[in-house]
Every structure is written in structure tokens, then in C-alpha cells.
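Please examine the sequence and the model shown below before reading on. The account that follows is meant to be read with both in view.

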Amino acid sequence: MTGLADPTRLRDTTLALVEIPSPTGDTAEVAHAYAALLAEVGMEVEVLTEPFPKTPIVIGTLKGDRPGPRFVFSGHLDTVPIDHAPPYIDGDRIYGRGSTDMKGPCACAAEAVRVISSTGQSFSGEIVIVAIGLHEAPGGRGEDLTWLLHERGFTADMAVVCELSAHDVAVAHMGQATVEITVSRPGDATHELRTPAGTPNPIHGAARVVDAVKARNEELSATTYPWVGPETYFIGEIHGGDFYNRFPNSCRIVGTRRWAPGNTIEAVRAEYDALLAKVAEETGLEITLDLKLVRGAYSIDENAPLLKALQEAYKDVTGDDLKPVGIKTVADGAMFSAAGIPTVYHGPFGEGAHGDVEYITVGELVRATEVYLSMIGKLL
Ligand SMILES: [Zn+2]
């Protein structure tokens, strides 16, 4: 099934989606546009406006002519809320926020379905496209996909998350949580000289936390996990005090914690709680932890049939091998696999996700669409 993806259509569809602004949490307009596109390519479409009315979930289904597995393409229609020049086309490139991450990939999934439905290709089971609007942290943490998989009871036999892994394939990624630690003492900030002797200083307490985190991070660096390397504690911000001779009453530390497949957010939380309890006890300060899951860790068996089908499809289309790699980025494959659905990542390669200048090429959109078509030919 190569040579059937339509470059012009892929280009125009991607541009049309990119032209609709859709920062995380505000994706209703692009969701309705994408739903209309899925209906146009022959899918039965549902737009779930509850329980996330500002980020409706779009689900398109194309049924095969005989029973078989349920195959899902997963994408997100939200973009990071970072300004970008207005969308435009320059030669083979489509520029604009979301072109790579990931409206171009969503256009590829729709184009694959269009090719199959318009050519009347026989296949078993059903092809489903799911598009969400609460993907990009910190505005979204996949609350909508979590709801879909765990409350609504959405299920499938296999899934392709249509981003990352363009010219190699992630077989594992870390889990990640955001970390916010507040070190505080009772009462208001006071003049340095009017504060009773022995009052614990939250900035000193925060320094102890920073040291403890650094020491633990060094311990973790001794263990290298397959594909993903060592787990990490990371601090990106520290804020405390507001005047040179005022005794502060709080200090805030912000960062990340990343963990390997097999570890869990629960274990990570327990480890953090123990580390902070020790500093709290030693300093007499109150220390609270706000640890929020971004995504769990992901891994797939290197011999999983879905992964093999992807690698064969890539080889059929490009002539090259799709090598397994580990990545640090977290994404939605973790949520599908946690729900028991075998999942791979694969999408078109683009530049500038979350950057100042974001673009994707028509050539890559065509290539990814053809890989999807080849995969479906092998699996359904
Ligand atoms: Zn993305």
C-alpha cells in the first residue's frame, strides 16, 4: 500500500489544523474540525464533550469487513502554549505551532484511513482514531485519556501513538513526575532582628533538601537501567525570601523525578516522603511535597508482534531498519500500556516541538502515512 498517501492533502490538512490555535485545555474548535475530517474520510465519529467540555475527545471508527482486532491511532490536538509565528508553507515544510507536535501526525492517521476507505481495502476488525486535548504538561497530564481508558472503559487490542520514534523506535521510556516542595515555618515573615532566636530558617531547610536530593541523585546514578539509563532527581527552581533582612517563612523548590520501567510513582513518592521527613525532623520546619504524575514509564518486549509489524512496515517503506532505542521523553504510550494495550510509538519526524520554530515536512507526513498503511496491512 505505498504510493497512495496524497502529499497535497496531507500538507493542506496539516496546515488547516495548525491554523486553529489549540493550547492545552482549549481545543474544542480544532477537535470539531478534526472530527469533521474523520467523518469526511469515512469514519463513524463521536465527539465526547463530557466530562471535558473545553477539550472534547474525538473518536473515529472505521469497521472492517470481518471480525478482528481493534487497532488504535492515538494523537493529541493540543499544543504547548508557546507563541509561534503564524502558520505558513515554505517548499516541503509546514511551519506553525503544533505542525510536528502533533497535528501533522494526526493528519497522517486520517490520511491512512482515507486511503483504506476510499480504495475499499479489505481488513479485519476496526481502525480507531482517538484525539485528546489535555496532553501537554503542565496544563494537561492526560486526564482525558486516563478517563477514557479507566472510567469510560475504552479498550483496544493494539495502539500506535503517532508521535516520536520516527527513524528509530522507542522500546522504553522513563516515567516522570513534577515535584514541588514547600519548606515553611509558622507565622509571617519578620524582621531578622525581631525573630526569636532558634526560629528555623526555611531557606536553610531548603538547602538541606537540595543536599539530600543531590546525594540521592548521585546514588541513583550508579544504577543504569536498560535503554533508559539512571533514574534522576532534578531541581530546576528554588524560590525563597523577599528582602535582605526579613526572616523568610517559606521556601519553594521545583523540579522533576524520572524513573525507569518497573518502578512506580507510589514507590517514588514513598522515597521522597522519607527523604523530606528526615529533613523536617532535623530542622523543625514543615515540609510538604506536591508530586504530580506526568506519565508513567513505558516499555515493550522487543519481540512483541506489534513492534515487529512496525519494524517490517518501516523496512518495506524506507528500505531501512527501525532500530530499538530508549528515550527520556514521556508520552501517552505509557497510559495505553498501563491499561494492558500493547502500544508502539511511531510518527513523522519534525523539528522544533516546544521550540521557537516548529515545522514538519510533507515528505515525512507521506512516509509515516505509508508506514501506517503497511502496518495495517500486516495486522488487520
Ligand atoms: Zn506531542
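The paragraphs below treat the domains, a sheet with its helices, and then the pockets and the cavity.

The structure is a predicted model. Its chain is divided into two parts: domain 1 comprises residues 7–173 together with 298–379, and domain 2 comprises residues 175–295. A distance of 37 Å separates the C-alpha centres of domain 1 and domain 2. To the contact between them, domain 1 contributes 21 residues and domain 2 contributes 13 residues.

A suitable place to continue is the open sheet of six strands. Its strands follow the order β1-β2-β6-β3-β7-β17, and their pairing is mixed. At the edges stand β1 (44–48) and β17 (343–345); each has a single partner strand, and therefore one side of each is left without a neighbour in the sheet. From one strand to the next, the twist averages 20 degrees. Strands of a sheet pair through backbone hydrogen bonds, in either a parallel or an antiparallel manner. In this sheet, strand β2 (residues 57–63) and strand β6 (residues 124–132) run antiparallel and are joined by six bridges. Within this pair, Ile59 stands opposite Val130 in β6.

Two helices may be considered together with these strands. Helix α3 lies across β2, β3 (66–76) and β6, and it runs at about 155 degrees to β3. Helix α9 (residues 362–379) lies across β3, β6, β7 (158–161) and β17, and its angle to β3 is likewise given as about 155 degrees.

Attention now turns to the open spaces. The largest pocket holds about 840 Å³ of space. Its lining consists of 37 residues, and those nearest the centre are Glu136, Leu164, Thr329, Val330 and His354. Classified by type, the lining of the largest pocket comprises 14 nonpolar, 12 polar and 11 charged residues. Helix α3 (99–118) supplies at least two of the lining residues, as does each of the strands β9 (175–184), β13 (250–259) and β14 (286–295). Helix α3 thus has two places in this account: it lies across strands of the sheet, and it supplies residues to the lining of the largest pocket. Both domains take part in this lining, with at least three residues drawn from each of domain 1 and domain 2.

The second largest pocket has a volume of about 360 Å³. It is lined by 18 residues, of which Leu293, Arg295, Gly296, Ala334 and Ala338 are the closest to its centre. Where does the second largest pocket lie with respect to domain 1 and domain 2? Both domains give residues to its lining, so this pocket lies between them. At least two lining residues come from each of α4 (143–150), α6 (265–283), β14 and α8 (333–338). The lining of the second largest pocket divides into nine nonpolar, six polar and three charged residues. Strand β14 supplies residues to the lining of the largest pocket and also to that of the second largest pocket.

The last feature is an enclosed space. The structure holds one cavity of 30 Å³ or more, and the volume of the largest cavity is about 50 Å³. Its lining is formed by Arg9, Leu10, Thr13, Leu37, Val41, Ala107, Ala110 and Glu111. Helices α1 (7–18) and α3 each supply at least two of these residues. By class, five residues of the cavity lining are nonpolar, one is polar and two are charged.

Methods
Residues numbered from 1 in each chain as written. Predicted model: local features only at pLDDT ≥ 70, side-chain atom pairs only at ≥ 80, totals over all residues. Heavy atoms only, no water. 1 Å grid on protein atoms, 1.4 Å probe; cavity = no way out; pocket = protein on both sides within 12 Å on 5 of 7 lines; lining within 4 Å. Points joined across faces, edges and corners; volume = space filled by probe spheres on them. Helix = DSSP H or I, 4+ residues; strand = E, 2+ residues; numbered from the N terminus. Nonpolar A, V, L, I, M, F, W, Y, C, P; charged D, E, K, R; others polar. Domains from an automatic or database assignment. Pairing = 2+ DSSP bridges. Axes fitted to C-alpha atoms, helices over the stretch in contact; angles between N-to-C directions. Contact = heavy atoms within 4.5 Å.
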